[in-house]
Every structure is written in structure tokens, then in C-alpha cells.
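This report introduces some of the helices of one protein chain to a reader who has not met the structure before. Please look over the sequence and the model first, and then follow the text alongside them.

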Amino acid sequence: MEGVKKKALITGITGQDGAYLAKFLLEKGYEVFGIVRRVSTPNFWRLQYLEIMDDIKFISADMSDMSSLAEAIHASNPDEIYNLAAQSFVGSSFDQPIQAADVNGLGLLRILEIVRNFNKNIRVYQASTSELYGSSVNEDGSQSEETPLKPNSPYAVSKLLALEISRVYRESYGMFICNGMLFNHESPLRGLEFVTRKITNEVAKIKLGLSNQLILGNLDAQRDWGYAKEYVELMWRILQYDKPEDFVIATNETHSVQEFVEESFKAVGLDWKMYVRINEQYKRPYEVQYLKGDYNKAKKLLGWEPKTKFNELVKLMVDADLKRWEAHLKGESLAWDALNHPGHVSYLYRKRDE
Ligand code: NAP
Ligand code: GDD
């Protein structure tokens with residue numbers, strides 16, 4: 001019906017992609033619902049940073065808790081679900097493999113079961129990942145939708161369960177479920193444990209005299225790094241396509257962690273060799289050494305191409321972290337500061353309040 005807003009439910013709305021996607025969908029005129037899990041320190045800094053806290057209807061739920069997910073889906077009655085919630089840090093998945101399987105794998109299955117019983121017309125986007133390729137590469141040195149999957153972390157195995165079960169539900173029940181096989185994407189809203197943001201944040205501190213070293217693990221790993229703000233648009237475009245399909249989203253360029261380090265120090269005019277140390281603690285038991293995505297399918301069917309180049313991405317992240325630390329030194333209050341949270345949102349949307 002014309003004039004009626006489309007409704008989207010986002011799991012993982014407090015994460016990097018969830019925040020950018022929420023902003024994107026609000027700008028498209030969607031009514032946006034977001035699932036938030038109960039944590040002792042609320043994590044709304046990204047939504048505050050983007051100034052969209054007041055525009056989202058929050059629902060309290062957890063990917064491990066089927067009844068709360070069912071209530072969230074029934075209460076929001078969405079046209080589209082974007083399943084971005086995950087234990088998304090590969091390193092942690094080696095420490096908490098069962099949680100990874102539960103949240104990332106079974107979490108999607110819970111959503112699919114609820115959607116199958118509630119309304120099979122809801123379109124579902126699943127945040128799949130290049131991590132699934134492991135050491136698998138096409139002859140031309142890239143990874144595409146056809147490349148065999150060889151997951152080599154508990155995280156990747158959990159995402160394989162989600163990918164395969166989504167395909168089974170798509171074929172068995174005719175449901176509109178799509179997987180975005182997204183390669184690494186970064187931004188100033190990236191979590192500090194991921195290598196890019198760990199680097200840019202520390203480089204900013206070193207530049208301002210607040211730190212004197214950056215301790216990393218495997219500098220030789222290569223990644224296809226894109227800009228998260230651009231990638232969330234693809235999540236939406238994938239769900240608007242005529243048929244439910246899976247798409248690789250990437251830049252088709254690969255760079256090593258060392259190159260990321262070099263470019264970051266270059267951005268502030270310092271020599272990286274003076275500050276970088278290696279510690280085995282940051283090395284993984286089983287590593288994905290090389291990723292380079294072939295996004296030709298997305299280019300052809302969705303008319304998409306990445307815009308932000310590697311050096312631009314590094315610079316915008318370093319600049320953002322410099323700005324934050326400079327503001328911090330001036331004693332300014334910062335939306336990115338986890339300590340500056342608004343407390344529990346008092347307006348959690350609940351069906352029983354209607
Ligand atoms: P992120 O910043 O780590 O955000 C993860 C989100 O999941 C957070 O909102 C987190 O909530 C939520 N979450 C975790 N466990 C949950 C649970 N049990 N119940 C409810 N919510 C839970 O991740 P991201 O970078 O935005 O990535 C989004 C999705 O894309 C993830 O599924 C990730 O695996 C996938 N992906 C990411 C990339 C990438 O390069 N960024 C590439 C490929 C795929 P809290 O705020 O409470 O922790
Ligand atoms: N985090 C981290 N910290 N990684 C390091 C470090 C360090 O100190 N030193 C080297 N690395 C290497 C890791 O071993 C890995 O090879 C690479 O840097 C990138 O690590 P992360 O930034 O943690 O990302 P990831 O590639 O493991 O996983 C991200 O991308 C996946 C898509 O390929 C996450 O966002 C996943 O959720 C996502 O699916």
C-alpha cells in the first residue's frame with residue numbers, strides 16, 4: 001500500500017554494520033526495529049555517533065533465546081529481517097566455540113523456524129562471510145560464489161551452518177533468504193579488537209604521545225578490505241533483487257596486515273618499524289592467510305562497484321581516531337566512549353505494551 005512504511009528488523013543493530021544499516025534504512029524511509037541483548041554496560045555508542053538512537057524501536061532479545069526472538073519478530077512484524085548479530089571475532093571463536101555455533105549458526109535457524117511458522121513472505125538477509133573460504137582460491141587467485149568452502153575456524157564453521165541451512169529453507173519452503181558473502185569491511189565504527197581499528201586507534205595514540213607501541217600477530221595475512229558504510233547498501237539491494245540469491249561483496253584487491261600498518265603510520269608521518277612489536281598471543285591456531293573477492297555477480301546483477309580505495313579507507317580511519325583522541329585530550333564528551341552510554345533505553349518496544 002502506498003504511503004505505508006516498510007518495516008525492517010535488524011539483529012546486531014549495536015554492531016558496526018547494524019548501525020550503518022539502520023541509518024541507511026531510516027534514510028530510505030523504513031521503520032527500523034533493532035534487537036538488543038541485555039548486557040551490564042549498554043553498547044549504544046555507534047548509534048549515538050550516527051545520531052539515530054531516537055529513531056529506532058528497540059526490542060530486547062538474544063540470539064540464543066528462541067522465545068525472545070519469536071516475540072521480537074511477532075511484535076515488529078517486519079517485511080525484511082537483517083540477521084547481523086554474531087559472535088563475530090574469529091579469535092574469540094577459538095575460545096568460545098560452542099557460543100559461536102549457538103549464536104551464529106543456530107541463531108539463524110531459530111529465526112528461520114519462526115519466520116516459516118509466522119510469515120514466509122518475510123525476506124531474510126544473512127550476514128555470511130569470506131572467512132568460509134579458508135585456504136580455498138579460484139585459479140585466478142580470487143574467491144567467488146562458486147569457490148569451494150573450507151572453513152578453518154569455529155566462527156567459519158558456525159557461519160557454514162547458517163549458510164547451508166538458509167539454502168535448505170530456501171529450496172524446501174520457497175522462502176526468500178539471501179546470503180551476503182561479505183569480505184572484510186572496516187570503518188571508524190569497527191570494534192577495537194579487529195586488526196584495522198586496533199592499528200588506527202593505536203597509531204592515533206602514538207602520534208599524540210599517548211602510547212609508544214603497537215603489538216600485533218601475523219603481519220603476512222592478506223585481506224580484501226572495503227568500507228562498511230558502502231557495504232550495508234548491498235545488504236538492502238540483495239533483498240530487493242527479484243530472486244533470493246547469494247552474492248560476494250568485496251573490492252577485488254588484497255593487502256597484507258603489514259601494508260595496513262605501513263599506510264596507517266604513513267598517514268601520520270611516522271616510521272612503523274619504530275613502534276610495531278610481534279606477540280605470539282595475537283596469532284591464531286589456524287589462520288586464513290589470503291582473501292580476495294570476485295564481486296562480478298554483484299556488479300552484473302545489482303549494478304554495484306566499491307568506491308573507497310584502500311589508502312582512502314586507512315586514512316579516514318586514522319583521521320577519525322585522531323579526532324577522537326584530540327577531543328578526549330581537550331576533555332570533550334564523546335559519543336564513541338563506552339562510558340558515555342545513556343543507561344538502559346527505557347523505551348524497549350514490547351508486544352505486551354500494545
Ligand atoms: P560486530 O560489530 O561485532 O556486531 C555484532 C553484533 O551482534 C552486536 O550488535 C552484538 O551485540 C550482536 N550480538 C552478539 N551476540 C549476540 C546475541 N547472543 N544476541 C543478540 N545479539 C548479539 O559485527 P559487524 O562487523 O557489524 O558484523 C555484522 C555481521 O556481519 C556479523 O554477523 C559478522 O559475522 C558478519 N560479517 C562481518 C564482516 C566484517 O568484516 N565486518 C565480514 C563478513 C561477515 P552487542 O553490542 O551487545 O555485543
Ligand atoms: N584481530 C587481530 N589482532 N588480528 C590480527 C592481529 C591482531 O593483533 N595481528 C594480525 N592479525 C591478523 C589476523 O590473524 C587475521 O589474519 C587478520 O589480521 C584480520 O583479523 P581481524 O581483523 O580480526 O579479522 P578477520 O579477518 O579474522 O575476521 C573479520 O572478517 C571476516 C570476513 O573475512 C571479522 O569481521 C569476521 O566477522 C568476518 O567474517
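A crossing of two helices is called right-handed if the near helix is turned clockwise from the far one by less than a right angle, and left-handed if it is turned anticlockwise. In this predicted model, the crossing of H3 and H5 is right-handed. The axes of H3, residues 66-76, and H5, residues 97-118, come within 10 Å and cross at roughly 45°, which makes H3 oblique to H5.

On the H3 side of this contact lie Met-66, Leu-69, Ala-70, Ile-73 and His-74, and they meet residues of H5 that include Gly-107, Arg-110, Ile-111 and Phe-118. The residues of the contact of H3 with H5 comprise 8 nonpolar, 2 polar and 2 charged ones.

Two other helices can be set side by side by their lengths.

| Helix | Residues | Expected span | Distance between end C-alpha atoms |
|---|---|---|---|
| H8 | 228-240 (13 residues) | 18 Å | 19 Å |
| H11 | 310-329 (20 residues) | 28 Å | 29 Å |

At 1.5 Å a residue, the distance between the ends of H8 agrees with the expected span, and that of H11 agrees with its own expected span.

The buried residues of H8 include Glu-230, Tyr-231, Trp-236 and Leu-239. In H11, the buried residues include Phe-310, Met-317, Asp-321, Arg-324 and Trp-325, and among the elements that cover the buried residues of H11 are helix H2 (45-49), helix H7 (195-207), strand S12 (255-256) and helix H9 (257-267). H11 is followed by Gly-331, whose phi is positive, near 80°.

Terms used
Residues are numbered from 1 along each chain as its sequence is written. Chains are lettered from A and ligands numbered from 1 in the order in which they are written. This is a predicted model: local features need pLDDT of at least 70, side-chain atom pairs count only at pLDDT 80 or more; totals for chains, interfaces and linings use all residues. Side-chain values use heavy atoms; hydrogens and water are left out. Axes are lines fitted to C-alpha atoms, for helices over the stretch in contact, and angles run from 0 to 180 degrees between N-to-C directions. Helices (H or I, at least four residues) and strands (E, at least two) are DSSP runs, numbered from the N terminus. Angles under 35 degrees count as roughly parallel, over 145 as roughly antiparallel, 65 to 115 as roughly perpendicular and the rest as oblique. Contact means heavy atoms within 4.5 Å. Ala, Val, Leu, Ile, Met, Phe, Trp, Tyr, Cys and Pro count as nonpolar, Asp, Glu, Lys and Arg as charged, and the others, Gly among them, as polar. The expected span of a helix is 1.5 Å times one less than its number of residues. Buried means under 20% relative accessible area, exposed over 50%, partly exposed in between (1.4 Å probe, protein chains only).
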